[in-house]
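The exercises below are meant to be worked with the sequence and the coordinates side by side. Try each task before reading its solution.

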Amino acid sequence: MIYLTPPKHTGFAVAIDGPVGVGKSTNARKVANQLGMTYIDTGAMYRAIALFCLRQGINCHNEAAVIATLPQINIALHKQQIILNGEDITQKIRTQTISDTTSVIASYAPVRDKLLILQQELAAGTDVVMDGRDIASHVLPWAQVKIYLDADIKIRAQRRANDLAAKGQPADFDTVLQETITRDQRDKTRQHSPLTQTPDAIYTDTSNMTEDEVVAHIISYIHQARRP
C-alpha cells in the first residue's frame with residue numbers, strides 16, 4: 001500500500017467515514033455546500049472503476065484482471081461530476097450492481113493505491129470535505145476534523161432501499177438488508193484499508209437524526225476546530 005502525504009497542507013480538511021447506507025455522501029455534500037468547501041466523493045471514484053470493469057466484461061473477483069485495466073482508466077472530478085475517460089458517468093454509477101462490484105474491487109491494494117494518490121492530490125491545497133471508509137485512517141490522516149457516521153443496520157438498509165426505489169430500481173428490504181450485512185463484513189475485514197473508526201474521530205449515531213441535524217452536528221465541530 002502506498003501512503004502519499006502531500007508535503008504541505010494549505011487547506012482545511014474534513015474526513016467523514018462510515019458504513020454503507022449511513023448517508024455519508026449526502027451529508028458531506030451538504031456540509032461542503034453550506035461552508036463553500038470542495039466535496040470529494042471517493043466512493044464515486046471506486047464506482048467509476050467498477051463501471052469500467054463491468055463494461056469490459058471483467059469478472060470483478062479476478063483481481064489480476066481488474067488490476068490489468070487500471071492503466072486504461074482516467075478519473076477526474078468536475079463540479080460534483082465524476083468523469084471516466086472523458087465521459088460524465090455521474091448518473092450511471094448509482095445502481096446496486098455497481099455497488100456490489102465496487103465492494104469487491106475496493107479490496108484490491110493496487111486499486112486503492114491508484115485512487116489514494118489522486119484523492120490526496122485533490123485535497124492538498126484546498127478546503128475539502130471527503131467521505132469514504134478509510135479517509136481518516138489512510139487518505140487524510142492529517143484532517144483537522146474527523147467524523148465517523150453510524151446507524152442501526154436495519155435503518156441503513158431501509159435508507160438504501162428507499163434510495164433505490166426513488167431511482168426506480170429493485171428495492172426489496174430483506175434483499176437490501178442482506179446485501180448491507182455482506183457489505184459491512186467485507187468492508188470491515190478486508191486486508192487493505194478496512195473500514196475503521198480512528199481514535200480521534202467523532203462518533204455520531206444518525207439512527208434517529210434527520211439529515212439537517214447531522215449536517216448541523218458536523219458543521220458545529222468544524223466551527224470549533226477553526227476557532228483560534
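**Exercise 1: a pocket and its lining**

The second largest pocket has a volume of about 190 Å³. This is a predicted model, in which local features need pLDDT of at least 70 and side-chain atom pairs count only at pLDDT 80 or more, while totals for chains, interfaces and linings use all residues. Residues are numbered from 1 along each chain as its sequence is written, and side-chain values use heavy atoms, with hydrogens and water left out.

Task: find which residues lie nearest the centre of the second largest pocket, and which element gives the largest share of its lining.

Solution. Begin with the term: on a 1 Å grid over the protein atoms alone, a pocket is an open set of points where a 1.4 Å probe fits, with protein on both sides within 12 Å along at least five of seven lines, and lining residues have an atom within 4 Å of a point. The lining has 13 residues, and those nearest the centre are Gln 96, Asp 100, Glu 179, Thr 180 and Arg 183. The elements that give two or more residues to this lining are α4 and α8, and the largest share, six residues, comes from α8.

**Exercise 2: the sides of helix α8**

Task: check the length of helix α8 (residues 173-189), then decide which of its residues are buried and which are exposed.

Solution. The expected span is 1.5 Å times one less than the number of residues; for the 17 residues of α8 this gives 24 Å, which agrees with the 24 Å between its end C-alpha atoms. Next, taking buried as under 20% relative accessible area, exposed as over 50% and partly exposed as in between (1.4 Å probe, protein chains only), the buried residues of α8 are Val 176, Leu 177, Thr 180, Arg 183, Asp 184 and Asp 187. Because these cover an arc of only 125° around the axis, they are on the same side of α8. On the other side, Asp 174, Gln 185 and Thr 189 are exposed. Finally, what covers the buried residues includes α4 (96-105) and α7 (153-166).

**Exercise 3: the neighbours of strand β6**

Task: establish which strands pair with β6 (residues 128-132), and in which sense.

Solution. Two strands pair if DSSP finds at least two bridges between them. Strand β1 (residues 13-17) runs parallel to β6 and is joined to it by five bridges, whereas β2 (residues 38-41) pairs with β6 in the parallel sense over four bridges. In β6, Val 128 is the bridge partner of Ala 13 and also of Thr 38.

Technical notes: The arc is that of the directions from the helix axis to the C-beta atoms. Contact means heavy atoms within 4.5 Å. Grid points are joined across faces, edges and corners, and a volume is the space filled by probe spheres set on the points.
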